[in-house]
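Visitor: I'd like a close look at one part of this protein, taken slowly. Could you pick a stretch, walk me through it, and then follow the links outward from there?

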Amino acid sequence: METAIRRNSQISDGERQARQQLAACYRVFAMLGWDEMIYNHITLRLDDEPDAFLINPYGLHFSEVTASNLVKIDIDGNKLDDNPHPVNLAGFTQHSVFHRHLPDAHCIMHTHTTAGMAVSAVEGGLRPTNFYACNFAGQIAYHDFEGITVRAEEGERLVAHLGDKRVMFLRNHGIVAMGKTLPEAFLKHWALQRACEIQLATASMGTPIEVPAEVVAVHQRDLSKVQIPGGPGVPDFAAMVRLVDRIDRSWRD
């Protein structure tokens, strides 16, 4: 059945595809329990409009996001369409900083998952004590908590602390994952979330065993040789979308 988003002739093919991909991602996050009431964001830059971004409508749960109710905004959070839903400008402050300064950050995900917030709040952050954590050893940036991220002047410190990393723990706050594509960012977030969940479980059982640095190096070397069909995260994300479709396909509209 043709959906409203497909019938809208004012939307380019690129934007249409981006809307459906991002809407599916919000539903996947809701399915996996990574939602936080009406808060947190996943933003996506439009390939055919590099100064335009899609963001969730403020006030809706992740499970209510659809391709057509996503809001199109510019780098300052101003609406570029006639969408009646508001935008959480405070929530976009952090995203806009990274989108503005990092040409490769096409998709940015920020969540307050229990495991992510817990690991962000302990000394040492994520430790190389499990398979997934070893994926990220030496690749995670940290930024100290400065209160709710609404002040533009914090942006300089966020970018400086991120450096050449594309995954960050906001200490005492949560996690940020970004990628050149949405599936790539999704896979990073998924693996980081798993690493945090396992670290949380391990800490409740006794003293964790840390993987030696030389073994971590071999692990990351071999991991980098893995050839993923379609690109990083593509088959993983597609599998999650198929699961969402079995529950509810309304996100496509």
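Guide: Let's start with helix 2 and the loop after it, then move on to salt bridges and a few surface spots. Keep in mind that this is a predicted model.

Helix 2 covers residues 13–31, and arginine 27 sits in it. Is arginine 27 buried or exposed? Its relative accessibility is 8%, and since anything under 20% is called buried, arginine 27 counts as buried. What does its side chain meet in there? A polar atom of the arginine 27 side chain lies 2.9 Å from the backbone oxygen of serine 63. Set aside the neighbours within four places in sequence, and the contacts of arginine 27 include Phe62, Ser63, Glu64, Val65 and Thr66. Val244, Asp248, Ser250 and Trp251 are also in contact with arginine 27.

Now step off the end of the helix. The loop between helix 2 and strand 1 (41–46) holds tryptophan 34. With 5% relative accessibility, tryptophan 34 is another buried residue. Which aromatic residues does it cluster with? Trp34 forms one aromatic cluster with Phe29, Phe186 and Phe237. A search of the whole structure turns up 10 aromatic pairs. In the pair made by tryptophan 34 and phenylalanine 186, the ring centres are 6.2 Å apart and the planes meet at 40°, so this pair is classed as tilted. Phenylalanine 186 belongs to helix 7 (residues 182–203), so the pair ties together parts that are 152 residues apart in sequence. Phenylalanine 186 is buried too, at 1% relative accessibility.

Stay in that loop for a moment and look at the backbone. Most residues other than glycine have a negative phi. Methionine 37, in the loop between helix 2 and strand 1, has a positive phi, near 55°. Asparagine 40 is found in the loop between helix 2 and strand 1 as well, and its phi is also positive, at about 75°, although it is not a glycine. Their surroundings are worth checking on your screen. Methionine 37 has a relative accessible area of 62%, so it is exposed, whereas asparagine 40 is buried at 5%.

Next, the charged side chains. How many salt bridges does the structure hold? There are 17. One of them joins the side chains of glutamate 49 and lysine 72, at 2.7 Å from N to O. Glutamate 49 is in strand 2 (residues 49–55) and lysine 72 in strand 3 (residues 71–73), so this pair ties together parts that are 23 residues apart in sequence. The two partners have their own levels of cover: glutamate 49 is partly exposed, at 29%, while lysine 72 is buried, with a relative accessible area of 10%. Both are also members of a network of salt bridges that links Glu15, Arg19, Glu49, Lys72 and Asp81.

Go back to helix 7, which we met through phenylalanine 186. Arginine 194 and glutamate 197 both lie in helix 7, three residues apart, or about one turn of the helix. Their side chains meet in a salt bridge at 3.0 Å, N to O. Arginine 194 is partly exposed, with a relative accessible area of 30%, and glutamate 197 is partly exposed at 31%.

A further salt bridge brings together arginine 221 and aspartate 222, with the closest N and O atoms 3.0 Å apart. Arginine 221 has a relative accessible area of 45% and is partly exposed; aspartate 222 is partly exposed as well, at 35%.

From there, turn to a nonpolar spot on the surface. Which residues make it? Phe131, Leu223, Val226 and Ile228 form a nonpolar surface patch of about 340 Å². Isoleucine 228 is in the loop between helix 8 (213–223) and helix 9 (234–247). With a relative accessible area of 31%, isoleucine 228 is partly exposed.

One last stop is isoleucine 148, in the loop between strand 5 (141–143) and helix 6 (154–162). Isoleucine 148 counts as exposed, at 63% relative accessibility. Its C-alpha atom is separated by 18 Å from that of leucine 162, which is 14 residues away along the chain.

Technical notes:
Residues numbered from 1 in each chain as written. Predicted model: local features only at pLDDT ≥ 70, side-chain atom pairs only at ≥ 80, totals over all residues. Heavy atoms only, no water. Helix = DSSP H or I, 4+ residues; strand = E, 2+ residues; numbered from the N terminus. Buried < 20%, exposed > 50% of the residue type's maximum accessible area, 1.4 Å probe, protein only. Polar contact = N/O pair within 3.5 Å; in protein donor to acceptor, adjacent residues only side chain to side chain. Contact = heavy atoms within 4.5 Å. Patch = residues over 30% accessible without salt bridge, like charges linked within 9 Å, V, L, I, M, F, W, Y side chains within 5 Å. Areas by Shrake-Rupley, 256 points an atom, 1.4 Å probe, with all protein chains shown as cover. Salt bridge = Lys/Arg side-chain N within 4 Å of Asp/Glu carboxyl O. Phe/Tyr/Trp six-rings, centres within 6.5 Å; stacked < 30°, edge-to-face > 60°.
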